Amino acid sequence: MFPLEGRGIWAFRSRVTHRSRPVDVRAYVRADDLDLLYAQDVSCAAGVGRTQFGEGRVFPVNPARNPSPEVVRLSGFADDGGRLVTAQVTLVPAGGTAVRSARHDFRREPTDSGFEEVCAFHHMTTAVRFFDELLGPDLFTDRPFLPLRVRVQDRAVRARVGVFLPGLATIALADGQLPAARSGDICIHEFAHAVVHRIARLDDEFASPVAAGLNEGFGDYAQATVYDDPRFGDWARQQPNRARNCADPTLRLPADPSDRYEVGAAWAALLWDLRSSLGRGIADAIAFHALHFLDAHCDYQDAREALHLADLALFRTRRAGRHRTEIDRVFDGRT
Ligand SMILES: [Zn+2]
């Protein structure tokens, strides 16, 4: 059915590609007379033919784990003016004008202006690729990803390091001696909050304490699995007792869930256990598809059930999910 002048008419959907040229035309033709209704060359929309790649100098994870910055490949550019903009994220400084390079050469030094924008762009596009592969491109077809603004060098959030602001569809990253943009663990944690908001609204104003805690845990786990390292905040927080580590065997889901970071640390640890048991690819899929079965009013029992439902949806056996026993075992181990 094709929408035309307020009603739906029957139409054929067709596709024309070319073996050696970057052409990929998707078209709709009217069913009764084959009149062309709509056509688009999606290869143009995908940026084929334009400069696809760029270079940037960044700390691959964070300055504690990578003592000196390295040159990495940047990709996903969706702006002809050479700004750090993709379909999903747009980078802006809190003050001054955004860095740009028509040839996408962003190899700047840490002392140069624009360096934090390049770092955050690298970390955020890493997060985009991770979640796109895991949850599919529909994730990015609505707010806050149209696109998500990432504001660096923001002194207003200095005390909180990084913060996702759903109403503004913005992630704000702190300035200061330890700029949060340089830290991939912080960036991916905040990006995960945007994903959680899009799917499950665990950050709702009236969310249960457990929902608010799971939201933090998803953020910690996302960055841990991307970097294959259980630490979080090891550079940005400097003080070891303020950083978190989801491989800590003592963490338990607290009976009183009023401290969301305490709940979050235990939830991330539970997911990290699942990853150790099932492998990262399987655990990541179950963990983040569980968001589809969670809402802002969830409790611990709902969280366990959400993992089972995700397992059932993705790895079905005859009656239950294939990993039912392992999910219950890691859940009980952190209770
Ligand atoms: Zn958080």
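Q: Leaving aside its neighbours within four places in sequence, which residues is Glu 109 in contact with?
A: The model is a predicted one. In this model Glu 109 is found in the loop between β9 (105-106) and α2. When neighbours within four places in sequence are set aside, the contacts of Glu 109 are Arg 57 and Phe 115.

Q: Is Glu 109 buried, partly exposed or exposed?
A: The term buried applies under 20% relative accessible area, and exposed applies over 50%. The relative accessible area of Glu 109 is 37%, so this residue is partly exposed.

Q: What distance separates the C-alpha atoms of Glu 109 and Arg 143?
A: Along the chain, Glu 109 and Arg 143 are 34 residues apart. In space, their C-alpha atoms are separated by 33 Å.

Q: Which residues coordinate the zinc ion?
A: The donor residues follow the spacing H-x3-H-x22-E in sequence. Their donor atoms are NE2 of each histidine and OE of the glutamate, at 2.1 Å. The residues that coordinate the zinc ion are His 189, His 193 and Glu 216.

Q: In which helix do His 189 and His 193 both lie?
A: These two zinc donors are both buried. They are four residues apart, about one turn of the helix. An α-helix has 3.6 residues a turn, so residues three or four places apart point the same way. The helix that holds both His 189 and His 193 is α3 (residues 184-199).

Q: Are α3 and α4 roughly parallel or oblique to each other?
A: The axes of α3 and helix α4 (residues 209-227) come within 8 Å and cross at roughly 130°. Because of this angle, α3 and α4 are oblique.

Q: Is the crossing of α3 and α4 left-handed or right-handed?
A: Among the α3 residues that meet α4 are His 189 and His 193, and the α4 residues they and their neighbours meet include Glu 216. The crossing in which α3 passes α4 is right-handed.

Q: How is α2 oriented relative to α4, roughly perpendicular or oblique?
A: The axes of α2 and α4 lie 11 Å apart, at an angle of about 90°. This angle is why α2 counts as roughly perpendicular to α4.

Q: Which residues of α2 meet α4?
A: On the α4 side, the residues involved are Ala 222, Thr 225, Val 226 and Tyr 227. On the α2 side, they are His 123, Thr 126, Phe 130 and Phe 131.

Q: Why is Cys 187 not bonded to the closest cysteine sulfur, in Cys 119?
A: Both cysteines are covered, since Cys 119 has 0% relative accessibility and Cys 187 is likewise buried at 0%. A disulfide is a covalent bond between the sulfur atoms of two cysteines. The cut-off for such a pair is 2.5 Å. The two sulfurs are too far apart for a bond because their separation is 8.2 Å.

Q: How many residues of α6 are buried?
A: Helix α6 (residues 280-289) contains His 289, which counts as buried because its relative accessibility is 17%. The buried residues of α6 pack against α2, α4, α5 (260-278), α7 (300-314) and α8 (324-333). Of the 10 residues in α6, the number buried is seven.

Q: Which residues does His 289 touch, not counting those up to four places away in sequence?
A: His 289 is one of the buried residues in α6. Beyond four places in sequence, the residues that His 289 touches are Leu 134, Leu 135, Ala 310 and Leu 314.

Technical notes. Residues are numbered from 1 along each chain as its sequence is written. This is a predicted model: local features need pLDDT of at least 70, side-chain atom pairs count only at pLDDT 80 or more; totals for chains, interfaces and linings use all residues. Side-chain values use heavy atoms; hydrogens and water are left out. Donors are N, O and S atoms within 2.8 Å of the metal (3.2 Å for Na, K and Ca); water is not among the atoms, so sites may look incomplete. Helices (H or I, at least four residues) and strands (E, at least two) are DSSP runs, numbered from the N terminus. Buried means under 20% relative accessible area, exposed over 50%, partly exposed in between (1.4 Å probe, protein chains only). Axes are lines fitted to C-alpha atoms, for helices over the stretch in contact, and angles run from 0 to 180 degrees between N-to-C directions. Angles under 35 degrees count as roughly parallel, over 145 as roughly antiparallel, 65 to 115 as roughly perpendicular and the rest as oblique. A crossing is left-handed if the near helix is turned anticlockwise from the far one by less than a right angle, and right-handed if clockwise. Contact means heavy atoms within 4.5 Å.
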